[in-house]
Amino acid sequence: MELYKLTIHELHEKIKNKEITAKDIASDVFKRIDSVENKVKAYLSVARDEALKQAEDADKEIKAGKVNPLTGIPIAIKDNICIDGVKTTCASKILENFIPPYDASVITKLKASGYILTGKTNMDEFAMGSSTENSAFGATRNPYDLERVPGGSSGGSAAAVSADECIAALGSDTGGSIRQPAALCGVVGMKPTYGRVSRYGLVAFASSLDQIGPITKDVTDCAIMMNAISGYDKCDSTSADVALPDFTKSLIKDVKGLKIGIPDEYFIEGIDPEIEKSVLDAVKLLEGLGAKSERIKLPHTGYAIATYYILATSEASSNLARYDGVKYGFRAKGKDLIDMYMETRAKGFGSEVKRRIMLGTYALSAGYYEAFYKKGQQVRTLIKRDFDEAFKKVDVIITPTSPTPAFKIGEKTADPLQMYLSDIFTISVNLAGVPAASIPSGFTKGNLPIGLQIIAKPFDEETIIRAAYTFEQSTEMHKKRPAI
Amino acid sequence: MNITKKDVEHIALLSRLKLTEEEKETFVKQLSGILTHVEKLNEVNTNGIEPTSHVIKMQNVMRGDAVTGSLPVEKVLANAPDRTEEFFRVPKIIE
């Protein structure tokens, strides 16, 4: 069988109808991992024996009539999400041997729903990057072209879903780290509203921007995963205590009367013409189904990258102060305590992490705080207001997810600013705290996936799902898989 | 905006990062470039604009003053690079 090719909802039907067992699915997925992982390198660790054991347990549950939507479904987890007893490295040398003593809240939820862990996926170190090249343990490859990056920082999760090395995955998104790799690998990725999903057990990068979300093969699976991981959590003080919808109720093929905003600032020089055409064609398709579109303005878009690289690095410099070689993680030898700190961090962190700690420390240091950090926070207010104003007029905003398709490995590593610009269309969403998803909208002439971003107002993931589902069900894009 | 080698050395100390001479040279160039891009923010008039630290309305989140479970000591200390009994061990601080 080739069960690894299927989606969560397709496998769930087969399990319910007793056509297959959880063990059949797990065996098939690990066979797939055996045949393609040496090319893709999506995983940092694979939990084969544990998974087959979990699958046996799931089959007992199924026999007893207890079948949740995720019972027996093999799911990959980004390696910055803590799982009790499972090595969690953040793709960093400094956490190379770290074994969390507790589960992240999303893992507690997934365990309760009967999921099967396939393994931990590769990422840019501490989620800092847009290509997964910043991993201390080697780069992940794009399943559509092994010479190209899968995007980042959740590149391992997106590549694993795209290459059918798992059925679905979790990623995290601080400036585009779920949506950009989803776009580059031709899969669906959602960054929920800030506060929708608990961050407890997600290793912190920039706490006011980080959010966990799903990467899936189609929109239906996205809704199922959102149901599984969302909700208030007392362990995360920024978790939002708001009503929780059943996201699968929004899987409706209907956009009649939906108002779409097309922001001028996202269709600029430098954007790949094939991407621009694909996204505008998608809007036309939705208009044909009864949606209405209008040009809108998000005037502060041009300042988003600068704002982000001040605020995110400032938060990171503070969050990463905990890696001091004392309580957990790598320790280097030093002459005295401070020398031990400095040697540990010099040897434990990679160059991008050091660069961001330096930048953030500078922005927060005496004499520069007002000019950089406070200024960034004020511009963040203006960026958020742009979205507030836009959502008075429209229901969703549609943009490209990334200005280019997957780029070549090594193409942007020499110039950090060039790499930062790959997040130009995703960063504002994190600064404003609004939800957004990337779905496949087409392919370039060179057969590289193109992603379309749908943004909605806070806590309105339902409208994103409805628009995304309508588009998906009217096209064949989500059925395409890389020839690997 | 130009960052000097002295600036880089100062920030590295604050960041508790030991840098090689080569890294210092690279950071002088790269941080100057990134901060020049960031200076774009000066074009924006932010007089009277409230800073945003978090997008959701936040107050202090308190829990009840009640004893709850905590992580097992052995499990937590298992990750320590160096330990003695139930303590984290660090290089000598006081002579």
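1. Before anything else, a cavity here is a set of points, on a 1 Å grid over the protein atoms alone, where a 1.4 Å probe fits but cannot get out. Grid points are joined across faces, edges and corners, and a volume is the space filled by probe spheres set on the points. On that basis, the largest cavity holds about 50 Å³ of space, and the whole structure has five cavities of 30 Å³ or more.

2. Some housekeeping: this is a predicted model, in which local features need pLDDT of at least 70 and side-chain atom pairs count only at pLDDT 80 or more, while totals for chains, interfaces and linings use all residues. Residues are numbered from 1 along each chain as its sequence is written, chains are lettered from A and ligands numbered from 1 in the order in which they are written, and side-chain values use heavy atoms, with hydrogens and water left out.

3. Back to that largest cavity. Its lining residues (those with an atom within 4 Å of a point) include A:M128, A:F205, A:Y308, A:R356 and A:D423. By class, the lining has five nonpolar, five polar and two charged residues; Tyr goes with the nonpolar set and Gly with the polar one.

4. On cysteines, the search of the whole structure turns up zero disulfides over all chains, taking a disulfide as a pair of cysteine sulfur atoms within 2.5 Å. Why does A:C90 have no bond? Its closest cysteine sulfur, in A:C82, is 7.4 Å away, which is too far. A:C235 also has A:C82 as its closest, at 13 Å, again too far for a bond.

5. Accessibility of those two: A:C90 is buried at 0%, whereas A:C235 is partly exposed at 40%. The cut-offs on relative accessible area are under 20% for buried, over 50% for exposed and partly exposed in between (1.4 Å probe, protein chains only).

6. Now helix α2 of chain B, residues 21-38 (helices are DSSP runs of H or I, at least four residues; strands are runs of E, at least two). Its 18 residues should span 26 Å, and the end C-alpha atoms are 25 Å apart, which agrees. Among its buried residues are B:F27, B:L31, B:I34 and B:L35. The cover over the buried residues includes α9, α11, α12 and α13 of chain A, plus α1 of chain B.

7. Last, A:A437, in strand β10 of chain A, is buried at 3%. Beyond its neighbours within four places in sequence, A:A437 has contacts (heavy atoms within 4.5 Å) that include A:R179, A:M190, A:L452 and A:I464.

How values were computed: 1 Å grid on protein atoms, 1.4 Å probe; cavity = no way out; pocket = protein on both sides within 12 Å on 5 of 7 lines; lining within 4 Å. Expected span 1.5 Å × (residues − 1).
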